[in-house]
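Subject: Structure for your review

Dear colleague,

Please find below the sequence and the structure that I am handing over to you. My findings follow directly after it.

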Amino acid sequence: MTILALESSCDETAAAVVIDGRAALSSVVASQVEAHKLYGGVVPEIASRMHVEAISGVTEEALQQANLALQDIDAVAVTHAPGLVGALLVGINFAKGLAYAAGKPLVAVHHLRSHVAANYLTHPDLVPPFLALVVSGGHTHIAQVTDYTAFRVLGRTRDDAAGEALDKTARMLGLPYPGGPHLDQLGQSGDPKAFKFPKPKLSGNPYDFSFSGLKTAALTQLNQLSIQHSAFSIEDFAASFQRAVAEYLCANTLRAAREYGHTKIVLAGGVCANSVLRAEISQRCREQGLDLYLPDLRYCGDNAAMVGAQGYYEYLAGNAAGFDLNALPGLGMESVHPATKRTSWAWASM
Ligand code: KG4
Ligand code: ZN
């Protein structure tokens, strides 16, 4: 089955052609990062406008690179949740137009599910069940993936996402948006033991996260250094902060793996491009005899190939959408969009 997939949930406009959920014939990503850099973060109105400008060309390029015409594809998949509502709507409406014009089914894909599915493109042998750590700019989840379309969230962040904590700390250091990749690069020549950060402690669910304490500890240390006019190595600070974040993410994930008996660990989301996190989880999984799956670096950040991968399994599960599909910016990854097979009108418009 050949799926044309679209992604526009935040600041990347992306289109891809994916075969049977496992092989990307093309994956085109137009990043808006340069436009948002000026403001230190994503400006939703600018994001929506830039998606409108880019989506047609990006889709054409994805089809061209795959050497296919619209009529050759079997379904159109699109990210419908979560994300910026205006940004999501651009992709959804464009996808509806394509599906209607071509007379093909429309498939709604949850963004976090698609981040997990990035691993199906990288690892042909990967099949559920497994435990996933999803770490992006807006979300931090530990989830059991019991089947391709069945998710159970065991823990989530109660405040900032891991990516947000990295980006905000990078900003404190004067690094450009998004700071995560800059911290990563700087930290490679730093000493990860030079600065100490507290281990976050939470009552209640042991798989939940809180990054606000780590972020405040970073700010407090930087303020003290500034008041004392002390010179310090920004590389050491970057390395130490990333180590604290990576150790925290790994500790909770591996505790959940032990508790729930998972031997397969999957990482997903933009932050899993981080070299410190990749090294830390690789070492711990090796020591504990766990099988680790990391997505190829090109599929860690937002892209449409992962949407095509998850879209395939959503389609197989009967989760095709009607043309009344809407953006649901706050929908959880466990939920099924209301505009799917569960409603009587889902297929009526096909
Ligand atoms: O998944 P993603 O591309 O977008 C969202 O769905 O949010 O994740 C973006 C996040 C940003 O916070 C960005 O700084 C972070 O992923 N990120 C990284 C790295 N590459 C991207 N963080 C640390 N190290 C990296 N190499
Ligand atoms: Zn994402």
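Gly103, which comes just after helix α3, takes a positive phi of about 65°. Please bear in mind here and throughout that this is a predicted model.

Helix α3 itself comprises residues 85-102 and lies across β1 (2-7), β4 and β5. The direction of α3 makes an angle of about 160° with that of β4. Its length can be checked by a short calculation: at 1.5 Å a residue, the 18 residues of α3 should span 26 Å, and the end C-alpha atoms are indeed 26 Å apart, which agrees. Several residues of α3 are buried, including Ala87, Leu88, Val90, Ile92 and Leu98. Lys96 is also one of the buried residues of this helix. Among the elements that cover them are β1, α2 (44-65), β4 and β5.

The sheet

Which strands make up the sheet, and in what order? The sheet is open and has 6 strands, in the order β3-β2-β1-β4-β5-β11, with mixed pairing. The edge positions belong to β3 (23-31) and β11 (320-321); each has a single partner strand, so one side of each is left without a neighbour in the sheet.

Strand β4 (residues 75-81) pairs with strand β5 (residues 106-110) in the parallel sense, over 5 bridges. Within β4 and β5, Thr79 stands opposite Val109. Helix α4 (residues 111-122) also packs on the sheet, where it touches β1, β2 (12-19), β3, β4 and β5. The direction of α4 makes about 95° with that of β5.

The zinc site

Which residues are the protein donors of the zinc ion (ligand 2)? They are His111 and His115, each through NE2, and Asp302 through OD, lying 2.0 to 2.1 Å from the ion. Along the chain, these donors follow the spacing H-x3-H-x186-D. His111 and His115 are both in helix α4; because they are 4 residues apart, about one helical turn separates them. Are these two histidines buried or exposed? His111 has a relative accessibility of 7% and therefore counts as buried. His115 is buried as well, with a relative accessible area of 1%.

Aromatic pairs

A search of the whole structure finds 15 aromatic pairs. A pair of aromatic rings is described by the distance of the centres and the angle of the planes. For Phe195 and Phe232, the ring centres are 6.1 Å apart and the planes stand at 85°, so this pair is edge-to-face. Phe195 lies in the loop between α6 (179-187) and α7 (212-227), whereas Phe232 lies in the loop between α7 and α8 (234-260), so the pair ties together parts that are 37 residues apart in sequence. Phe195 counts as buried because its relative accessibility is 15%. Phe232, at 35%, counts as partly exposed.

Phe195 forms a further edge-to-face pair with Phe237, at 4.9 Å centre to centre and with 65° between the planes. This pair links distant parts of the chain, since Phe237 belongs to helix α8 and is 42 residues from Phe195. Both Phe195 and Phe237 are buried.

Finally, one aromatic cluster is formed by Tyr120, Phe130, Tyr148, Tyr312 and Tyr313.

Yours sincerely,
A colleague

Technical notes. Residues are numbered from 1 along each chain as its sequence is written. Chains are lettered from A and ligands numbered from 1 in the order in which they are written. This is a predicted model: local features need pLDDT of at least 70, side-chain atom pairs count only at pLDDT 80 or more; totals for chains, interfaces and linings use all residues. Side-chain values use heavy atoms; hydrogens and water are left out. Two strands pair if DSSP finds at least two bridges between them. Helices (H or I, at least four residues) and strands (E, at least two) are DSSP runs, numbered from the N terminus. Contact means heavy atoms within 4.5 Å. Axes are lines fitted to C-alpha atoms, for helices over the stretch in contact, and angles run from 0 to 180 degrees between N-to-C directions. The expected span of a helix is 1.5 Å times one less than its number of residues. Buried means under 20% relative accessible area, exposed over 50%, partly exposed in between (1.4 Å probe, protein chains only). Rings of Phe, Tyr and Trp (its six-membered ring) pair if their centres lie within 6.5 Å; planes under 30 degrees apart count as stacked, over 60 as edge-to-face and the rest as tilted. Donors are N, O and S atoms within 2.8 Å of the metal (3.2 Å for Na, K and Ca); water is not among the atoms, so sites may look incomplete.
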